[in-house]
Structures are given as C-alpha cells and as structure tokens.
2 protein chains.
Amino acid sequence: MPSRQIPEASVTRLPVYLRALVDLAERGDHTVSSEALASASGVNSAKVRKDLSYLGSYGTRGVGYDVEYLIHQVSRELGLTQDWATCIIGLGNLGLALAHYGGFFARGFRVAALFDIDPYKVGGTVNGTPVLDMDDLERIVKEDSISIGVIAVPSGAAQDVADRLVTAGISSILNFAPVVLQVPPGVSLRKVDLSIELQILAFYEQRKLAEQAVREGTARTKLESYDRDPEHHDA
Amino acid sequence: MPSRQIPEASVTRLPVYLRALVDLAERGDHTVSSEALASASGVNSAKVRKDLSYLGSYGTRGVGYDVEYLIHQVSRELGLTQDWATCIIGLGNLGLALAHYGGFFARGFRVAALFDIDPYKVGGTVNGTPVLDMDDLERIVKEDSISIGVIAVPSGAAQDVADRLVTAGISSILNFAPVVLQVPPGVSLRKVDLSIELQILAFYEQRKLAEQAVREGTARTKLESYDRDPEHHDA
C-alpha cells in the first residue's frame with residue numbers, strides 16, 4: 001500500500017534499478033553494494049541509497065543489498081506484483097514491434113488486446129493476441145478490465161485515440177506518437193520519445209570530435225613551437 | 001565548440017526542452033517563460049533556468065526566452081546543427097519502425113544504411129535507404145563516415161553487433177535490445193528500454209487504486225458512523 005510519498009524523480013529510477021538487479025540475479029549474484037548497483041544503473045551511489053531508503057531498504061554494512069529481496073521490494077513498489085492488462089492501439093511496424101517485444105510485457109504486464117482500423121488486420125492475431133476493430137475499444141476495455149493503453153498510431157490520430165481511451169475509462173496512457181497529447185487531470189500520460197537518446201549521443205559525439213580537434217591542434221602547436229625553438233623539450 | 005562542462009543530467013534534459021520549444025514554435029509562440037517551458041517539459045522552473053544558463057541563455061525579465069533563438073542554442077549545444085550519419089542494424093519490426101519513424105531521424109540525423117543478415121531483405125530499400133549485408137558493415141561505416149550505430153537486433157545478437165560497430169570505428173551506440181552491453185572506454189552507449197515508462201505508469205496506477213480504496217473506505221466509514229449516529233452531519 002503506497003502511503004509514503006516517493007519523489008517522482010526516484011520513481012523514474014526504480015525501473016532502472018530493477019533492470020540492473022534482474023541482470024545481476026541472472027548472473028548469479030546474491031548481494032550487491034550500492035556502489036555496484038549505482039554503476040550498473042548510471043546513477044550515483046548516494047542517490048541509490050536515498051531512493052532505496054524510501055522503500056524501507058537500507059542494505060547491510062559491508063554486505064550490501066540482498067538482490068532477490070530488493071527485486072521483490074522494487075517490483076512491489078512499482079506495482080509489478082499485480083497483473084496489469086494493457087492494450088496496444090495501432091499495428092504499424094512500431095505496434096507490431098511492441099506486441100512482440102520481449103522486454104516490454106514482462107513482469108506483471110499482459111497484452112489483452114490489439115486494436116487497428118485496417119480491416120485486413122482486424123480478426124487476426126499477433127503473438128497469440130487478437131487484433132480487434134477500434135469500434136470495440138470501449139466495450140473490450142471494460143470487459144477485460146484494461147488499465148493501460150499504449151498508443152502506437154500515427155501522430156495525426158493520436159489525440160483522438162487518447163480521447164477515446166479516456167472516455168472508455170482508462171487513466172494510464174503510454175504514448176509513442178511523436179506529438180504532445182492533452183489529457184484531463186487524473187489521467188497519467190507518459191511519452192516515449194525514441195529520438196531523445198539519439199540527441200544525447202550527438203552531444204557526446206560532438207564533444208569527442210571537439211576534444212580530438214583540440215588534441216590535434218595542441219599537438220600541432222607543440223610541434224610548431226618545437227620547430228621554432230629546437231632547444232625546447234617537453235618534460 | 002563545447003568548452004564548458006555541462007552536467008550529464010542537464011544534457012539529458014536538453015532534448016526534452018527542444019521538443020517542447022519546437023511544439024511552442026509550431027503553435028506560433030515567439031517567447032516563453034521559464035515557468036511555461038518547465039511545465040511543458042515536466043521539469044521545475046529553477047532547474048530549467050539553471051540548465052539554460054549553461055548555454056549562456058538567461059532570458060529577459062518579464063518577457064522570457066526567445067523561442068526560435070533558444071531552439072538554435074539548444075540544437076547547437078546538442079550538436080544537431082551538424083549532419084550525423086547513422087545506421088540501423090536489424091530490420092525486424094522495431095528496426096523497420098525506426099527506419100520509418102518520423103520523429104527519429106529529424107534534426108541533423110540521417111539514416112545512411114540499414115543492415116540485416118536475412119538474404120531476402122538485403123538488396124532492397126526501406127524508406128529510400130539501402131538494406132545491406134552485415135558483411136559490408138565495416139566498409140560502409142568508413143565509406144559513409146557513419147558516427148552512430150543503432151542496434152535493433154534480438155538480445156542474443158546485440159553484443160556481437162556492438163563489438164563489430166566498435167571495431168569498425170563507431171564510438172556512439174544506441175541500443176534497443178533489452179540486454180546490458182559492454183563497450184570499451186571512450187565509446188558512448190545509450191539504451192532505450194521500452195518498458196521503463198510502462199513500469200512508471202504501473203506505479204501511478206497502483207497509487208490511484210490505493211487512493212480510491214482509501215476514499216471508498218472513508219466514505220463507507222462515514223456512512224456507518226452516520227447510521228450509528230443519526231444526529232451526526234458532516235459540515
């Protein structure tokens with residue numbers, strides 16, 4: 001029962017810790033230090049300890065955290081020990097990729113239904129899940145107690161789909177369309193922007209090129225100063 | 001030329017500001033306050049001002065920031081004013097989705113080549129880009145000066161692809177496979193985990209259900225106390 005208030009920034013890091021912990025468990029590790037968990041998660045260790053303290057998890061001095069128990073605690077905190085029925089709307093390449101994605105619907109998530117408007121797709125199945133007509137959205141959401149809607153339609157159709165999900169009673173929406181959606185208060189909306197990480201890489205790539213240019217410039221400058229002053233030697 | 005050191009956390013927020021700024025520009029807004037930009041980006045306004053100050057951008061009191069100029073500054077800082085050649089490895093549903101994704105290769109990114117091992121795919125084109133054999137990876141990376149490799153192969157093949165990208169001279173890798181990869185120092189590796197946002201939604205969905213249960217419990221308790229004490233009325 002989530003009674004304490006965990007800061008939103010800490011919440012966003014919990015899935016990252018969980019991913020790292022599952023990797024550690026698969027490698028056969030039974031305990032992990034906050035430093036090792038920090039390094040595997042790309043977060044500093046003081047922040048890891050603070051975040052986990054919100055879960056009532058403090059580790060043991062000189063030993064660290066019990067991996068399996070921490071997986072249980074983080075999963076429970078995230079609500080992954082429950083069964084969440086989801087649906088994916090839009091079966092283009094991205095929707096199909098999500099319907100097949102091994103890492104997507106593990107751990108408590110279940111794809112109850114797929115929706116599309118293409119009559120050639122409706123009536124089939126993908127990965128064992130039925131492809132239904134958008135006309136049945138409201139009925140199926142209620143019948144299957146679907147809690148989370150995943151939008152994978154083109155940008156132009158995304159707001160309409162979001163409106164229909166909200167009308168159908170869904171209060172958690174994951175949007176993959178590269179567009180800003182409006183939802184009423186009380187509806188949680190998260191967005192996956194596939195280009196964000198690429199832009200971060202461009203930043204570091206640019207920095208590397210600049211540093212390389214500086215190094216080569218420095219090398220040339222040294223060489224030139226050496227040419228001018230044959231007595232000069234670097235220590 | 002990036003000479004100042006921008007904190008890594010600030011770098012990861014720059015693409016988020018950029019996305020919000022582009023949305024504002026498309027709506028026809030010419031200026032934006034730090035509060036409005038903060039709200040559109042899901043970041044607090046003090047952090048927005050601090051992050052933008054690293055770019056030498058301070059806004060004008062009572063007016064805010066010039067949207068177009070800030071787009072230019074953030075784009076330049078991220079290195080998006082250059083042309084970055086990328087390649088996508090693996091043309092399953094996810095690779096195909098990325099090759100078609102409108103928001104992915106806008107703003108300075110160009111898909112120079114697609115790679116797969118399937119002989120039925122090799123030789124074709126997707127969205128105008130040639131699909132090449134993995135055997136040609138090293139040669140094409142050099143010939144086309146590809147800077148960023150995008151991994152969209154199954155988990156089991158991802159480390160091998162990462163090794164080959166590094167050997168080919170690529171020092172920026174974006175990994176979509178749900179697996180932890182090892183790369184040598186000096187290589188930037190970012191990972192897109194499509195399940196992270198879903199887990200965050202589960203957290204808030206769980207909290208909403210708990211709050212609802214508390215409210216219903218409270219309502220019932222009030223009703224019961226009312227039944228027991230007919231004189232009792234809530235203000």
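This passage walks through a helix pair, a nonpolar core and a sheet in a predicted model. Residues are numbered from 1 along each chain as its sequence is written, and chains are lettered from A in the order in which they are written. Because the model is predicted, local features need pLDDT of at least 70 and side-chain atom pairs count only at pLDDT 80 or more, while totals for chains, interfaces and linings use all residues; side-chain values use heavy atoms, with hydrogens and water left out.

A good place to begin is chain A, with helices H2 (residues 34-41) and H3 (residues 45-53). Helices (H or I, at least four residues) and strands (E, at least two) are DSSP runs, numbered from the N terminus. The axes of H2(A) and H3(A) come within 8 Å and cross at roughly 105°; axes are lines fitted to C-alpha atoms, for helices over the stretch in contact, and angles run from 0 to 180 degrees between N-to-C directions. The two helices are therefore roughly perpendicular to each other, a term for angles of 65 to 115 degrees. A:Ser34, A:Glu35, A:Leu37 and A:Ala38 of H2(A) meet A:Ser45, A:Val48, A:Arg49 and A:Leu52 of H3(A) in this contact, where contact means heavy atoms within 4.5 Å.

The largest nonpolar core, a set of buried Ala, Val, Leu, Ile, Met, Phe, Trp, Tyr and Cys residues joined through side-chain atoms within 4.5 Å, has 100 residues. Buried here means under 20% relative accessible area (1.4 Å probe, protein chains only). Among the residues with the most contacts inside the core are A:Leu21 and B:Leu21. Neighbours within four places in sequence aside, A:Leu21 is in contact with A:Val32, A:Leu37, A:Val67, A:Leu70, A:Ile71 and A:Val74.

Chain A also holds an open sheet of seven strands, in the order S5-S6-S4-S3-S7-S8-S9 and with mixed pairing; two strands pair if DSSP finds at least two bridges between them. S5 (125-126) and S9 (188-191) are the edge strands, each pairing on one side only. Strand S7 (residues 148-151) runs parallel to S8 (residues 172-175), joined by four bridges, and S7(A) also pairs with S3(A) in the parallel sense over four bridges. A:Gly149 lies opposite A:Ile173, and A:Ile88 opposite A:Val150. From S7(A), A:Ile148 and A:Val150 point one way, A:Gly149 and A:Ile151 the other, and all are buried.

Terms used:
Angles under 35 degrees count as roughly parallel, over 145 as roughly antiparallel, 65 to 115 as roughly perpendicular and the rest as oblique. Buried means under 20% relative accessible area, exposed over 50%, partly exposed in between (1.4 Å probe, protein chains only).
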